[in-house]
Amino acid sequence: QVQLVESGGGLVQAGGSLRLSCVASGSIFSRNVMGWYRQAPGKQRELVARITRSGSTNYADSVKGRFTISRDNAKNTVYLQMNSLKPEDTAVYYCNADPVVVVLGGYEYWGQGTQVTVSS
């Protein structure tokens with residue numbers, strides 16, 4: 001069974017912080033790379049941060065220096081610490097493996113995501 005459950009989003013003022021969490025089923029979390037993605041209204045979903053099982057990380061230029069991804073392999077959980085938030089960070093945030101999970105029928109599997117709204 002595959003499952004992704006994201007939480008921690010909310011409404012925050014520009015300059016504020018949020019910490020997102022994602023609990024993944026073992027079949028997903030066992031993959032080498034996990035990532036956080038986001039999709040803003042009218043835009044395509046983008047990968048903003050990724051982390052390997054050993055802890056190596058990569059970030060999109062737009063969040064570098066402000067976001068930190070981490071994982072707890074014992075808890076099948078991935079985190080995204082977001083600091084110095086900007087209005088342009090407003091989006092629905094999702095976690096997934098990288099590359100994303102594909103289920104029977106060839107469809108990408110995504111959790112429900114968590115809404116992050118940054119007010120100016």
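## Close-up views of a predicted model

**View 1. A charged network joins four residues.** Salt bridges link Arg38, Glu46, Arg66 and Asp89 into a network. The model is a predicted one, so please read every contact described in these legends as a feature of that prediction. Searching the whole structure turns up five salt bridges. In general, side chains of opposite charge can pair when their charged atoms come close.

**View 2. Arginine 38 meets aspartate 89.** Here we zoom in on one pair from the network. The closest N and O atoms of the salt bridge between arginine 38 and aspartate 89 are 2.9 Å apart. This pair links distant parts of the chain, 51 residues apart: arginine 38 belongs to strand β4 (residues 33–39), while aspartate 89 sits in the loop between β8 and β9. Are these two partners buried or exposed? Arginine 38 has 6% relative accessibility and therefore counts as buried. Aspartate 89 is buried too, with a relative accessible area of 0%.

**View 3. Arginine 50 and aspartate 98 form another salt bridge.** The closest N and O atoms of arginine 50 and aspartate 98 lie 2.7 Å apart. Arginine 50 is in strand β5 (residues 46–52) and aspartate 98 is in the loop between β9 and β10 (102–103), so the salt bridge ties together parts that are 48 residues apart in sequence. For accessibility, arginine 50 is partly exposed, at a relative accessible area of 24%. Aspartate 98 is also partly exposed, with a relative accessible area of 24%.

**View 4. Lysine 64 pairs with aspartate 61.** The side chains of these two residues meet in a salt bridge, with an N to O distance of 3.1 Å. How accessible is each partner, lysine 64 and aspartate 61? Lysine 64 counts as partly exposed because its relative accessibility is 49%, and the cut-off for exposed is over 50%. Aspartate 61, at 66% relative accessibility, counts as exposed.

**View 5. Three aromatic rings gather around tryptophan 110.** Ring pairs link Tyr37, Tyr94 and Trp110 into a cluster. The count of aromatic pairs comes to two. In one of them, the ring centres of tyrosine 37 and tryptophan 110 are 5.1 Å apart with planes at 85 degrees, so the pair is edge-to-face. Tyrosine 37 lies in strand β4 and tryptophan 110 in the loop between β11 (107–108) and β12 (114–119), so the pair ties together parts that are 73 residues apart in sequence. Tyrosine 37 counts as buried at 8% relative accessibility, and tryptophan 110 is buried with a relative accessible area of 17%.

**View 6. Tyrosine 94 approaches tryptophan 110 edge-to-face.** The ring centres of tyrosine 94 and tryptophan 110 are 5.6 Å apart and their planes stand at 70 degrees, so this pair is edge-to-face. Tyrosine 94 comes from strand β9 and tryptophan 110 from the loop between β11 and β12, so the pair ties together parts that are 16 residues apart in sequence. With 13% relative accessibility, tyrosine 94 counts as buried.

**View 7. Four strands make an open sheet.** Follow the strands in the order β1-β3-β8-β7, and you will find antiparallel pairing. Which strands form the edges? The edge strands are β1 (4–7) and β7 (67–72), each of which pairs on one side only. On average, neighbouring strands of this sheet are turned by 15 degrees against each other, direction ignored. How many bridges join β7 to β8? Six bridges join β7 to strand β8 (residues 77–82), and the two run antiparallel. As a place to anchor your eye, serine 70 has tyrosine 79 in β8 as its bridge partner. In general, strands of a sheet pair through backbone hydrogen bonds, either parallel or antiparallel.

**View 8. Asparagine 83 sits in a loop.** This last stop is the loop between β8 and β9 (91–97), where asparagine 83 is found. The side chain of asparagine 83 makes a polar contact of 2.9 Å with the side chain of glutamine 81. What else does asparagine 83 touch, not counting residues up to four places away in sequence? Its contacts there are Gly16, Ser17, Arg66 and Phe67; Arg66 also appears in the salt-bridge network of the opening view. Asparagine 83 counts as partly exposed at 29% relative accessibility. For a sense of scale, the C-alpha atoms of asparagine 83 and serine 54 are separated by 24 Å, and these residues are 29 residues apart along the chain.

Conventions
Residues numbered from 1 in each chain as written. Predicted model: local features only at pLDDT ≥ 70, side-chain atom pairs only at ≥ 80, totals over all residues. Heavy atoms only, no water. Pairing = 2+ DSSP bridges. Axes fitted to C-alpha atoms, helices over the stretch in contact; angles between N-to-C directions. Buried < 20%, exposed > 50% of the residue type's maximum accessible area, 1.4 Å probe, protein only. Contact = heavy atoms within 4.5 Å. Polar contact = N/O pair within 3.5 Å; in protein donor to acceptor, adjacent residues only side chain to side chain. Phe/Tyr/Trp six-rings, centres within 6.5 Å; stacked < 30°, edge-to-face > 60°.
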